[in-house]
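These are comments on the model, set out as numbered points. Please read them with the coordinates open.

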Amino acid sequence: KALKLVKDVETAAAADLYLALSGSAQTISKAKKYSDSASEIFASIHGPKSKEAIQAKVASTRFLKREKQIRELTSILEFIDREKNLLLLKAGIHQKLAVLHVLGGEEETSMRHNIAASEAFELLGQAKAIVASEYLPIVKANPKHPRRAQLRGIEGYVILEYVVDETGRVVNPRVLEAKPRRTFDKAAIEATKLYRYLPAIKKGRPIAVSGVRTRI
């Protein structure tokens with residue numbers, strides 16, 4: 001109903017409405033169409049290199065397949081390369097590209113984007129220590145339910161602590177707590193060894209992070 005009222009109206013409120021519709025659309029094609037409409041309106045109001053227009057354009061890429069997302073985001077980065085007031089947005093795009101590349105096994109390219117994102121955050125004064133509870137893996141593996149426990153209908157959990165090394169891989173996982181004891185320990189450890197993180201960056205170099213915890 002609201003969309004009918006703002007059809008052909010180019011205001012920030014209309015663009016915000018399109019973004020809201022994008023988040024609740026029932027199909028990917030409609031979601032992308034609404035995001036693109038928001039970007040076009042923001043570009044018309046504030047200019048194509050405005051933060052609002054670029055943010056909406058970036059939002060619309062999430063509906064694309066990985067390879068096309070990479071192409072679109074790389075194109076956006078090149079488009080805003082010299083815009084100093086969009087540093088935070090650039091950092092976010094670099095971080096997203098780091099994730100997309102590591103998902104494709106392109107680790108060197110992922111690392112370059114991760115370092116670029118970190119440098120941008122540092123310039124903005126937004127570099128902060130990693131809080132283990134907020135340090136979430138970008139690739140997770142489901143643990144295998146031990147057959148003996150599965151046949152008996154046994155469920156439970158395991159809390160592990162480990163190091164995330166310079167490549168974003170899990171090293172030395174150890175069990176801190178488990179219920180029931182020693183039932184799911186091995187399955188949980190094997191699963192975390194397949195986790196992948198974006199490695200932490202300090203002074204332009206990847207570093208290991210200890211004390212990272214997860215509950216399975």
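The points below go from the whole chain to single residues.

1. Status and make-up. The model is a predicted one. The chain has nine helices and five strands. Along the sequence, the elements run α-α-α-α-α-α-α-α-β-β-α-β-β-β. Eight helices thus precede the first pair of strands, and a single helix separates that pair from the closing three strands.

2. Overall dimensions. The radius of gyration of the chain is 21 Å, whereas a compact globule of 216 residues would have a value near 17 Å. Along the principal axes, the C-alpha atoms occupy a box of roughly 65 × 45 × 25 Å. Of the 216 residues, 37% are buried. Among contacts with a separation of 6 or more, 62% are between residues 24 or more positions apart.

3. Surface and charge. About 13,600 Å² of the chain is exposed, and 50% of this area comes from carbon and sulfur atoms. There are 38 positive and 24 negative charges, and their mean positions lie 7 Å apart.

4. Nonpolar cores. The largest nonpolar core contains 14 residues, and V158, Y162, Y197 and V212 have the most contacts inside it. Two or more of its residues come from each of β1 (157-164), β2 (170-179) and β5 (209-215). Strand β1 is the main contributor, with four residues. Another core lies apart from this one; it has 11 residues, including I70, I76, L89 and L97.

5. Helix α9. Which residues of helix α9 (residues 185-192) are buried? They are D185, A187, A188, A191 and T192. The cover over these buried residues includes β1, β2 and β5. Those three strands are also the elements that give two or more residues to the largest nonpolar core.

6. The loop between β2 and α9. Two backbone features in this loop deserve a look. The peptide bond between K179 and P180 is cis, with omega about -5°, and P180 is placed in the loop between β2 and α9. R182 lies in that loop as well. Its phi is near 60°, a positive value in a residue other than glycine. Is R182 buried or exposed? R182 is exposed, because its relative accessible area is 64% and the cut-off for exposed is over 50%.

7. N172. Another positive phi in a residue other than glycine is found at N172, where the angle is near 55°. N172 is part of strand β2. Its relative accessibility is 60%, so N172 counts as exposed.

8. E166. This residue sits in the loop between β1 and β2. Why does E166 count as partly exposed? Its relative accessibility is 39%, and partly exposed covers what falls between the limits of under 20% for buried and over 50% for exposed. Leaving aside residues up to four places away in sequence, E166 touches M111, P199, P206, I207 and A208. The C-alpha atoms of E166 and Y197 are 9.6 Å apart, with the two positions 31 residues apart along the chain. Y197 is one of the residues with the most contacts inside the largest nonpolar core.

Methods
Residues numbered from 1 in each chain as written. Predicted model: local features only at pLDDT ≥ 70, side-chain atom pairs only at ≥ 80, totals over all residues. Heavy atoms only, no water. Core = buried A, V, L, I, M, F, W, Y, C linked by side-chain atoms within 4.5 Å. Buried < 20%, exposed > 50% of the residue type's maximum accessible area, 1.4 Å probe, protein only. Rg over C-alpha atoms; globule rule 2.2 N^0.38 Å. Contact = heavy atoms within 4.5 Å. Areas by Shrake-Rupley, 256 points an atom, 1.4 Å probe, with all protein chains shown as cover. Lys, Arg positive; Asp, Glu negative; His and termini not counted. Charge placed at Lys NZ, Arg CZ, Asp CG, Glu CD.
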